[in-house]
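Biologist: Got a minute to walk me through this one? I'd like to hear the reasoning behind the labels as we go.

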Amino acid sequence: MLAVFDWKPQEITAPFRGCPFLNVSVEVPDPGHSAHQLAAAYKGEFARRLSDIARQAGAADPETLGEQLALLFDGAAARGTALNSSHTAACARSIAESLIDAALADSATSLEMPTQPGRGVELVP
């Protein structure tokens with residue numbers, strides 16, 4: 001899940017353009033246009049794939065984690081475009097680590113079964 005945030009800046013002098021799918025969504029705002037639909041479909045598939053990976057990793061709510069990571073990626077790409085910098089990915093990656101850790105911890109906590117009185121389960125003789 002973190003690998004999507006590990007992209008490295010290319011050694012070029014042109015401005016950083018960020019995500020081409022976000023760019024086409026802005027440049028072709030008509031939701032009925034085939035280019036806009038393709039970009040939207042790609043973005044939906046991207047989140048779905050992240051959710052699938054989150055499910056395999058054991059996240060308690062993989063769909064939410066997938067959407068959070070997709071939004072974080074898109075935000076980093078948009079901010080990178082505004083700042084002409086690909087370094088926003090490193091900051092996004094650290095946030096993604098926190099989201100993933102929390103999602104996996106929630107999953108582990110929900111699997112634990114309390115065994116002592118006063119910890120959520122009343123033991124009946």
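**Labels and the values behind them**

Modeller: Sure, and let's begin with a cysteine: Cys19 has a relative accessible area of 7%, and buried means under 20%, so Cys19 is buried. Bear in mind that this is a predicted model.

Biologist: What makes Cys91 partly exposed?

Modeller: Its relative accessible area is 47%. The label covers what lies between 20% and 50%, so Cys91 is partly exposed.

Biologist: And how many disulfides does the structure hold?

Modeller: It holds 0. A pair of cysteine sulfur atoms would have to be within 2.5 Å to count as one.

Biologist: Okay, the overall layout next. How many helices and strands are in the protein chain?

Modeller: There are 4 helices and 0 strands, and from the N terminus the order reads α-α-α-α. The protein chain has 125 residues, of which 26% count as buried. For contacts between residues at least 6 apart in sequence, 62% join residues at least 24 apart.

Biologist: How do H1 and H2 pack?

Modeller: H1 covers residues 20–27 and H2 residues 34–57; they pack at an angle of about 145°, with axes 9 Å apart. Phe21, Leu22, Val24 and Ser25 make the contact from H1, and Ala35, His36, Ala39, Tyr42 and Lys43 make it from H2. By class that contact has 6 nonpolar, 2 polar and 1 charged residues. As for handedness, H1 passes H2 in a left-handed crossing.

Biologist: How do you know that the span of H2 agrees with what it should be?

Modeller: Take 1.5 Å a residue: the 24 residues of H2 should span 34 Å, and the end C-alpha atoms are 34 Å apart, so the two agree.

Biologist: Which residues of H2 are buried?

Modeller: His36, Ala39, Lys43, Phe46, Ala47, Leu50, Ser51 and Ala54. The cover over the buried residues of H2 includes H1 and helix H3 (62–83). There's a general point that helps when reading such a list: an α-helix has 3.6 residues a turn, so residues three or four places apart point the same way.

Biologist: Why is His36 called buried?

Modeller: Its relative accessible area is 16%, and the cut-off is under 20%, so His36 is buried. Leaving out residues up to four places away in sequence, His36 touches Ser25, Val28, Pro29, Asp30 and Pro31.

Biologist: What follows H2?

Modeller: Gly58, with a positive phi near 95°. Ala59 is in the loop between H2 and H3.

Biologist: What makes Ala59 buried?

Modeller: Ala59 has a relative accessible area of 10%. Set that against under 20% for buried, and the conclusion is that Ala59 is buried. Apart from neighbours within four places in sequence, Ala59 is in contact with Ala54, Leu65, Ala103, Leu104 and Ser107. The C-alpha atoms of Ala59 and Ala105 are 8.1 Å apart, with their positions 46 residues apart along the chain.

Biologist: One last residue: where does Asn84 lie?

Modeller: In the loop between H3 and helix H4 (88–111). Asn84 isn't a glycine, yet its phi is positive, about 55°.

Biologist: Is Asn84 buried or partly exposed?

Modeller: The relative accessible area of Asn84 is 45%. Buried needs under 20% and exposed over 50%, so Asn84 is partly exposed.

Key: Residues are numbered from 1 along each chain as its sequence is written. This is a predicted model: local features need pLDDT of at least 70, side-chain atom pairs count only at pLDDT 80 or more; totals for chains, interfaces and linings use all residues. Side-chain values use heavy atoms; hydrogens and water are left out. Buried means under 20% relative accessible area, exposed over 50%, partly exposed in between (1.4 Å probe, protein chains only). Axes are lines fitted to C-alpha atoms, for helices over the stretch in contact, and angles run from 0 to 180 degrees between N-to-C directions. Helices (H or I, at least four residues) and strands (E, at least two) are DSSP runs, numbered from the N terminus. A crossing is left-handed if the near helix is turned anticlockwise from the far one by less than a right angle, and right-handed if clockwise. Contact means heavy atoms within 4.5 Å. Ala, Val, Leu, Ile, Met, Phe, Trp, Tyr, Cys and Pro count as nonpolar, Asp, Glu, Lys and Arg as charged, and the others, Gly among them, as polar. The expected span of a helix is 1.5 Å times one less than its number of residues.
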